[in-house]
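Hello,

Here is the structure I promised to pass on to you. Please open it alongside this email and follow along as you read.

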Amino acid sequence: MKKAYLFIGIAVFVCLILAAVIVTVCLKHKNNAQESWKDMGFDLSLPTLGEDGWYMVFEDDFEGDALNQNIQFGERYRGAKEIWTTSPHAVRWESNDKNKPEQACWWCPETVEVKDSNVIIHARYEENHTCTGSCPAVGRFTGGIETRRITGDNNQNKGSEDELLFAQAFGYFEVRAKLPDADGLWSAFWLQSSNQRKVSSAGVDGTEIDVFESAFRKSRQSKMGHALLWNGYGKFADSEAYIGTLQQDLYDGYHTYALKWTPEYYVFYIDGEPTWASMGGGVSKVKEFLRLTVEIDAGDGFGPHGQKIGQFSESGDNIFMVDYVKVWQNENYEAFEIDDSKFPGELDLEN
């Protein structure tokens with residue numbers, strides 16, 4: 001009997017060792033797969049202004065009391081001097097509960113202000129909201145700024161009719177921002193093209209480039225989401241996403257978030273460190289506009305990257321603070337830009 005027990009004990013021990021080895025190998029394989037972008041030959045270094053073809057397009061420290069004041073434009077810039085407007089004044093997300101329409105998220109210009117050398121975007125619940133648009137009196141209100149204005153019918157923010165105040169293909173884009181530290185919402189810095197919803201050329205004719213999406217407050221593990229989305233948001237949609245991990249608490253104070261977009265790949269940075277690189281979608285070759293936004297969950301408590309972000313509180317005022325935006329260009333990239341009109345296909349406006 002003792003020999004039998006001894007045999008069983010040895011067998012169990014061997015099984016435990018094998019299981020541990022398998023788990024270790026699997027985790028190592030998983031981690032290697034997640035980190036594989038580091039070994040794909042991308043130049044992960046930050047650009048240096050004035051070197052290797054890099055020049056300044058504009059830098060905005062938001063000095064003043066309104067948008068489009070005291071922007072520093074580079075010597076080569078020939079575009080409009082008023083490049084910012086507020087995000088489309090309309091419902092962003094309908095409520096997930098038909099019995100609670102007040103849980104819809106609305107973008108309203110009244111939530112955006114320029115103060116103390118920051119753009120401040122508020123996110124709050126109001127029971128007596130007033131504005132010049134079609135917002136309800138009761139609901140969840142927030143907003144954003146961007147370098148695109150929708151003309152005519154805004155199509156629920158789908159952008160089938162866009163006036164590009166500023167747009168650029170390729171370059172280096174950096175913001176310094178302080179994230180809102182509250183349940184039920186997320187902030188983001190993203191680029192988007194007018195024809196990202198075309199489905200004929202993958203991401204080459206336009207990709208939503210999410211430099212960051214702050215949906216990881218619950219974990220407090222210094223995570224941040226990056227994503228690429230192309231072919232619209234309907235049945236033809238495709239995407240690639242990555243969750244970068246850092247040592248610092250990104251919800252404590254200001255941090256920088258940046259994108260280096262070359263004709264061949266994208267590199268994402270947080271506080272100057274590369275956190276992801278990809279060629280997902282084939283790399284966009286068209287001009288894209290900039291967006292800095294805050295969004296509130298529509299009652300379900302979920303945000304991007306499948307994250308449970310909690311329920312938005314009906315009390316308090318939460319703020320997203322943007323200290324500056326920098327945009328540079330590289331003269332070696334400019335020849336690779338393709339005009340939107342060169343791509344076939346129609347916009348998929350189903351979603």
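Below is what turned up, topic by topic. Please keep in mind that this is a predicted model.

**Aromatic rings**

Let me start with the aromatic residues, as there is plenty to look at: the structure holds 19 aromatic pairs. One of them joins F73 and Y77, whose ring centres are 4.5 Å apart and whose planes meet at 15 degrees, so this pair counts as stacked. The two partners differ in how far they are covered: F73 is partly exposed, with a relative accessible area of 21%, whereas Y77 is buried at 12%.

Another pair to find is F170 with Y333. Here the ring centres lie 6.4 Å apart and the planes are at 75 degrees, so the arrangement is edge-to-face. F170 comes from the loop between β11 (162-164) and β12 (171-178), while Y333 belongs to the segment after β21 (318-330), so the contact ties together parts that are 163 residues apart in sequence. F170 counts as buried because its relative accessibility is 0%. Y333 is buried as well, with a relative accessibility of 14%.

Which residues join F170 and Y333 in a cluster linked by ring pairs? They are W54, F173, W261 and Y266. If you select these residues together with F170 and Y333, you will have the cluster in view.

**Charges over rings**

Two arginines are also worth a look beside aromatic residues. The charged end of R76 sits over the ring of Y55, 4.0 Å from the ring centre. In the case of R92, the charged end sits over the ring of W93, and the distance to the ring centre is 4.7 Å.

**A pocket**

Next, please turn to the second largest pocket, which holds about 370 Å³ of space. It is lined by 16 residues, and those closest to its centre are Y77, F166, A167, Q168 and K287. You have met Y77 already, as the buried partner in the stacked pair with F73. What is the make-up of the lining of this pocket? It divides into 8 nonpolar, 3 polar and 5 charged residues.

**Cysteines**

A disulfide is a covalent bond between the sulfur atoms of two cysteines. How many disulfides does the structure hold? The count is 0. Take C135 as an example: the nearest cysteine sulfur is that of C131, 3.7 Å away, and C135 is in no disulfide. The cut-off for a disulfide is a pair of sulfur atoms within 2.5 Å, so the distance of 3.7 Å does not qualify. C135 is buried, with a relative accessible area of 14%. C105 counts as buried too, at 0% relative accessibility.

**Two asparagines with positive phi**

Finally, a point about the backbone. Most residues other than glycine have a negative phi. N68 has a positive phi of about 70 degrees, although it is not a glycine. N70 likewise has a positive phi, of about 60 degrees, and is not a glycine either. Where in the chain are they? N68 is found in the loop between β1 (54-60) and β2 (72-73), and N70 lies in the loop between β1 and β2 as well. As for their surroundings, N68 is partly exposed, with a relative accessible area of 22%, whereas N70 counts as exposed at 56%.

Enjoy exploring, and do write back with any questions.

Best wishes

Note on methods:
Residues numbered from 1 in each chain as written. Predicted model: local features only at pLDDT ≥ 70, side-chain atom pairs only at ≥ 80, totals over all residues. Heavy atoms only, no water. 1 Å grid on protein atoms, 1.4 Å probe; cavity = no way out; pocket = protein on both sides within 12 Å on 5 of 7 lines; lining within 4 Å. Points joined across faces, edges and corners; volume = space filled by probe spheres on them. Nonpolar A, V, L, I, M, F, W, Y, C, P; charged D, E, K, R; others polar. Buried < 20%, exposed > 50% of the residue type's maximum accessible area, 1.4 Å probe, protein only. Phe/Tyr/Trp six-rings, centres within 6.5 Å; stacked < 30°, edge-to-face > 60°. Helix = DSSP H or I, 4+ residues; strand = E, 2+ residues; numbered from the N terminus. Lys NZ or Arg CZ within 6 Å of the ring centre and 35° of its normal.
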